[in-house]
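Colleague: I would like to go through this model with you, one topic at a time. Please show it first.

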Amino acid sequence: MATKLKEVDVVVVGLGWTGGILSKELAEAGLKVVALERGAMRSTEKDYSVPNIRDELRYVVRHDLMQNTARDTITVRNNPSQEALPMRRLGSFLPGEVVGGSAVHWSGHTWRWTDMEFKVRSEYEQRYGKNFIPADMTIQDWGISYDELEPYYDKFEYTAAISGKAGNIKGEIQPGGNPFEAPRAREYPLPPLTPILASEMFTNAAKNAGYHPFPRPSANASRAYTNPDGSKFGACQYCGYCQRFGCEANAKGSPHITVIPIALKNPNFELRTHSWVTKVLKDSDGKKVTGVTYTNILNGEEFEQPAGMVLLCAYAINNVHLMLLSGIGEPYDPVAQKGVIGRNYCYQTGAGATLFFEGRHFNPFMNAGGSNATIDDFNISWGFDRGPHNFVGAYNVSGGFNTVLPIGYRPVPRGTPQWGKAWKAATAKWYQAAMVINASGSVMANRYNCYDLDPTYRNAFGQPLMRMTFDYQPNEHRMGEHAAKTINNIAKSMNPTRLNEATARTLPWTVVPYQSTHNTGGTIMGTNPRESALNKYLQSWDCHNLFVVGANVFPHNASYNPTGPVGAFAYWTADAIKTYVKNPGLLVAA
Ligand SMILES: Cc1cc2nc3c(=O)[nH]c(=O)nc-3n(C[C@H](O)[C@H](O)[C@H](O)COP(=O)(O)OP(=O)(O)OC[C@H]3O[C@@H](n4cnc5c(N)ncnc54)[C@H](O)[C@@H]3O)c2cc1C
Ligand code: SF4
């Protein structure tokens, strides 16, 4: 029997970037906020300092900062004709499970998604006609514009200490930045990271090929910084242990060193760790939520936390799971193409080449999370005509390093034996002498790529696991071929001693190797309740005092990493809630 607690104004489920931003903003607005986080409190001083943080076994192999799949996981399959099986060990993606969420161990690449995404269907239809978009590609406009989100991108970039070079300030193209980006109000808060040899070589080759390389914007502070809230950052140490590790120098823009400590100082805010939310509760007519139930995972005690408002901030996958478990909104049916919860799950695709230069020393053990140079010539530029290549979407290409693990990274030319003396000799020879060029590509929504509740498998709380059905479609394969050609042309122009060429992905998606924690969709935003779960303020169409924040709101996935818009949307929703509390109800007419 759950113990019923005293009602609060707001309950926040999950305390990563989205939960941290909303907790801080709403506590400052005078609301009584309780955050329920399933993970433990961790800090730089106790947990992320050297030498203990330099532990590949603990953090990379044993996933110390990440979701415990023995308690809850998902089942996966490529298409509806298969039986889905549980992901028993984390692989393709690595969601977080500590205070600070996934952004404790993210890399920090921070992008602004533009109207190319937000108006995707109308833009492609206008340029290429309605028939260019395949019938089973369920892309749609998002119901928001870049101009509306711009001030919130700016706010997030200044909070998270992004190092970068603006390419377009108020419509004026800036030398050295990304000339394709949409206009921004001002420069990044910090100058770009110091380039490394691999990113410089890529930059030169890309320029020679006529492309427009620029330093990748990233939440790795290029120098000491105090953000507008007074949070202090040290300078990045180029420590080589960024992705999958906490930052020893407080140089990585993360909520546990910014918004969360500020919220914790506010008497309006309370954090309860080890608190696993199992369900969102509704009132008798289902038009409002009344709170949540949760279990203390240290002792199994169950609680009901009544609240005037519930904010789901539990990461893209878990937010959708909680909506399905709570019976809020109509579950999506891909056959009838009805319902909205679970719809438009998307992931990302890519291709990569490894270049070997005999005698060069790239020092791959020394880099930041975002030590890359990037080109967007095939990404957010309409100058690249997709028509002849017959695909919707885009890819960016980068050269450099994004955390190559000192032990796990063993580049060898193709054809090298995979074990024994010859492998050992090759790994010793090439460790210092290799660099990579990668492409990250968008994935468009497809009617059969979706989530629902698994009919067979259950989690530690006896609830159905969430089932993910996903595979790449011919559209993504065509884009992958184009990306691989671009990479190989740049790579060959650099005259490497040996080259592992990029190849387009042809095999089905698998959950086993790590790819990216960039899962999107499932409770998407939009302009009407027939095609979306949430309105443009990330407010549930069904229960107006429920907001669902994270990449689960994206109707499709872009080539860029998601946290730029995820952070911007959290600030955007915080402002919307400040308006909402004055006059509760739907902020957009259904
Ligand atoms: C290895 C890695 C590298 C990445 N690199 C980048 C990058 O370079 N650029 C980029 O843009 N993005 C990157 N990301 C993605 C980025 O980390 C996420 O987009 C972002 O952190 C999501 O924020 P969030 O608040 O939505 O969720 P999270 O930060 O995941 O926070 C959700 C929180 O909710 C808690 N929670 C979940 N379920 C429950 C429950 N039932 N009850 C209570 N609490 C719950 C979790 O424990 C977690 O703390 C990376 C992610 C990973 C894992
Ligand atoms: S690379 Fe820089 S930002 Fe990343 S963990 Fe190391 S010191 Fe921190």
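Modeller: Contact here means heavy atoms within 4.5 Å. The model is a predicted one.

Colleague: Which residues touch the most other members of the largest nonpolar core?

Modeller: This core holds 115 residues. Helix α12, residues 563-580, gives the largest share of the core, 9 residues. The members that touch the most others are Phe93, Leu311, Met468 and Phe569.

Colleague: With which residues is methionine 468 in contact, leaving aside its neighbours within four places in sequence?

Modeller: Methionine 468 belongs to the largest nonpolar core and is one of the four named for touching the most other members. With those sequence neighbours left aside, its contacts are Ile74, Thr75, Val76, Arg77, Phe93, Ile317, Tyr345, Cys450, Tyr451, Trp509 and Asn519.

Colleague: Which residues do ring pairs link into a cluster?

Modeller: A search of the whole structure gives 37 aromatic pairs. Phe93, Tyr345, Tyr451 and Trp509 are among the contacts of methionine 468. Those four also belong to the cluster, whose members are Phe93, Tyr345, Tyr347, Tyr451, Phe470, Tyr472 and Trp509.

Colleague: What angle lies between the planes of tyrosine 124 and phenylalanine 132?

Modeller: Both residues are buried. Their rings are 6.5 Å apart, centre to centre, and the pair is stacked. Planes count as stacked when under 30 degrees apart, and here the angle is 5°.

Colleague: Why is strand β12 largely enclosed by the rest of the structure?

Modeller: Strand β12 covers residues 275-282. It pairs with β13, residues 289-296, in the antiparallel sense over 7 bridges, and the two form a hairpin with 6 residues between them. The strand is largely enclosed because, of its 8 residues, the number buried is 6.

Colleague: Which glycine in the turn between β12 and β13 has a positive phi?

Modeller: One bridge of this hairpin pairs lysine 282 with valine 289 of β13. In the turn, a positive phi of about 70° is found at glycine 286.

Colleague: Which strands stand at the edges of the open sheet of 6 strands?

Modeller: The order is β8-β17-β18-β19-β16-β22, with antiparallel pairing. Inside that order, β17 and β18 are joined by 5 bridges, one of which pairs isoleucine 375 with valine 397. An edge strand has a single partner, so one side is left without a neighbour in the sheet; this holds for β8 and β22.

Colleague: How many residues of the shell around ligand 2 are charged?

Modeller: The shell includes Cys236, Cys239, Cys242, Cys247 and Lys252. It divides into 7 nonpolar and 4 polar residues, and the number charged is 1.

Methods:
Residues are numbered from 1 along each chain as its sequence is written. Chains are lettered from A and ligands numbered from 1 in the order in which they are written. This is a predicted model: local features need pLDDT of at least 70, side-chain atom pairs count only at pLDDT 80 or more; totals for chains, interfaces and linings use all residues. Side-chain values use heavy atoms; hydrogens and water are left out. A residue is near a molecule or strand if one of its heavy atoms lies within 4 Å of it. Ala, Val, Leu, Ile, Met, Phe, Trp, Tyr, Cys and Pro count as nonpolar, Asp, Glu, Lys and Arg as charged, and the others, Gly among them, as polar. Two strands pair if DSSP finds at least two bridges between them. Helices (H or I, at least four residues) and strands (E, at least two) are DSSP runs, numbered from the N terminus. A nonpolar core is a set of buried Ala, Val, Leu, Ile, Met, Phe, Trp, Tyr and Cys residues joined through side-chain atoms within 4.5 Å. Buried means under 20% relative accessible area, exposed over 50%, partly exposed in between (1.4 Å probe, protein chains only). Rings of Phe, Tyr and Trp (its six-membered ring) pair if their centres lie within 6.5 Å; planes under 30 degrees apart count as stacked, over 60 as edge-to-face and the rest as tilted.
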